[in-house]
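Biologist: Could you walk me through the ligand site and a pocket in this model?

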Amino acid sequence: MSSMNVPYPQPALHVAGQWLHQASGGERAVMNPATGEVLAMLPLAGPAEIAAAAEAAGRGFQVWRRQSAQQRYAVVRKAAELLRERTRQIATVLTLEQGKPLSESLREVGLCADILDFQAEEAKRLYGRLVPPRVEGILSQSVLRQPIGPVAAFTPWNFPANLPSRKLGSALAAGCSVVIKPAEETPATCMLIVQAFLDAGVPPEAVNMVCGDPAQVSSQLIAHPAIRKASLTGSVAVGKLLGQLCAERVKRFTGELGGHAPVIVCPDADVGFALKSSLAAKFRNAGQVCASPIRFYVHRSHHADWAARFSAAAQALRLGPGLDGNTQMGPLSHARRLDDMDRFVDDARDQGSRILCGGHRIEGPGYFYAPTVIADAPDTALVQQQEPFGPIAVLQPYDELDEAIARANALPYGLGAYAFTRDLHTAHRLGEEIEAGMVGINHFGVSQPEMPFGGWKESGIGQEMGAEGLLHYTEIKTVTVGVPG
Ligand code: NAD
């Protein structure tokens with residue numbers, strides 16, 4: 001299917017109940033990363049629209065917070081149904097602006113609907129507690145959970161449907177209103193998600209969407225008195241920045257930040273199975289996944305075999321536009337990512353690493369980079385320390401499990417971590433000793449609607465999804481009622 005036959009919506013901002021096709025911050029082009037062509041022009045919010053969005057979220061909150069848990073449940077469930085009905089349309093737009101294969105986009109939108117189902121149900125379970133009074137004359141002591149208020153939400157471009165859905169779903173299910181700022185590279189998918197919530201019955205002022213200059217939008221929104229919390233999915237650097245802006249005003253902050261996931265392949269692992277799953281996990285979304293496996297610590301008894309088979313399979317992957325049914329890996333999402341990949345590979349090469357496959361851009365249109373496997377990169381190499389966020393895997397042999405665990409834990413990141421073993425004792429030990437928010441033993445599927453997802457160390461604060469996800473959108477209040485007179 002040619003991208004030219006697929007309708008790409010005219011990007012717009014949603015401010016105070018209106019879709020704005022023009023705004024005071026100018027405009028910027030949204031690109032198709034598979035071709036390098038302009039898809040559409042995105043209007044950018046200036047200070048006036050940013051303030052209007054925050055104020056609308058304040059008014060929208062007063063309407064939405066008064067809806068019962070059952071009513072919020074029904075609206076968020078309805079949004080899930082609408083996403084299911086619109087899956088193909090949303091997935092196509094997602095692939096056009098982000099680049100991943102359509103099959104991945106279809107799965108992503110399907111997962112969004114499942115996440116909303118779960119969050120809708122959890123809206124009914126924001127229970128409080130009744131605590132027995134300790135003195136006479138007190139009739140009741142209640143612990144309540146109430147919605148925190150209007151939330152400023154920031155999402156990156158790598159999962160343009162999933163990440164906005166998680167934030168909108170949990171905030172709205174908990175009774176909060178939202179101003180969301182998706183990545184300027186992928187605005188149209190977020191528009192379609194916002195539209196599904198509006199069509200499902202969320203009050204128009206309770207969900208706002210702005211794009212603009214990211215630093216300006218985040219500083220203005222977080223400083224605005226109406227906004228009570230910021231929630232970011234993004235890099236560690238931007239997480240620290242937004243965390244500081246929140247700290248200055250003692251506003252609540254949740255950060256789902258970067259990772260540098262290790263994979264430990266134990267001597268007793270089923271190597272064929274581990275290789276097949278690792279290949280799919282590594283090159284999914286061209287490696288632009290926060291919990292993507294990066295550092296492979298492979299037991300020395302398997303290392304040479306693993307290096308040969310993993311790089312041969314990586315090299316054989318079919319690259320192409322995401323809308324082409326044969327494509328296994330799409331382009332990187334924007335041109336800047338290509339420069340980043342070159343920087344990681346050049347540095348590794350300069351430090352004496354072996355590039356087993358890839359390590360270069362693909363000639364032609366679009367932002368394609370060859371799947372890359374690097375061996376013998378020293379600990380001082382950039383790729384061993386910073387998140388490449390692209391199709392690069394690093395292989396290292398190890399001898400003792402202690403050493404592999406220590407290396408896995410050595411970085412300031414702690415998001416996803418994985419291991420392959422058939423030994424129950426080793427599986428439990430790894431689950432216990434690895435410092436990460438999510439540990440997957442013998443599989444990579446750590447992101448599930450029912451399970452909390454979040455990072456340790458610099459990889460984040462708080463969780464999304466699971467029962468815990470909603471709690472971060474609530475404040476606790478105690479109410480005690482005494483005998484009158
Ligand atoms: P980024 O941090 O550059 O941007 C994330 C969002 O923050 C964007 O909407 C961006 O515009 C916005 N932003 C707000 N204030 C900003 C400011 N002052 N300066 C720059 N941006 C500002 O991240 P990215 O490059 O778009 O996305 C990749 C990062 O996101 C990776 O580090 C990845 O690991 C992380 N990520 C984390 C998770 C998770 O759940 N932990 C999931 C996906 C991606």
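Here is a short exchange on the ligand surroundings and a pocket.

Modeller: Gladly! This is a predicted model, where local features need pLDDT of at least 70, side-chain atom pairs count only at pLDDT 80 or more, and totals for chains, interfaces and linings use all residues. Residues are numbered from 1 along each chain as its sequence is written, and side-chain values use heavy atoms, with hydrogens and water left out.

Biologist: Where does the ligand lie relative to domain 1 and domain 2?

Modeller: The bounds, from an automatic or database domain assignment, are 3-257 + 459-478 for domain 1 and 261-448 for domain 2. Both domains give residues to the shell around the ligand, so the ligand lies between them.

Biologist: How many residues surround the ligand?

Modeller: A residue counts as near if one of its heavy atoms lies within 4 Å of the ligand. The closest are T155, K181, S235, L257 and E387, and the full number is 29.

Biologist: How far is an N or O atom in the side chain of S235 from an oxygen atom of the ligand?

Modeller: A polar contact here is a pair of N or O atoms within 3.5 Å. For W157, a side-chain N or O atom is 2.9 Å from a ligand oxygen. For the side chain of S235, the distance is 2.6 Å.

Biologist: Which residues line the second largest pocket?

Modeller: Lining residues have an atom within 4 Å of a point on a 1 Å grid, the pocket being an open set of points where a 1.4 Å probe fits, with protein on both sides within 12 Å along at least five of seven lines. They are F61, R65, Q146, P147, I148, R228, E475, I476 and K477.

Definitions and conventions. A polar contact is a pair of N or O atoms within 3.5 Å; within protein, one must be able to donate a hydrogen and the other to accept it, and residues adjacent in sequence count only if both atoms are side-chain atoms.
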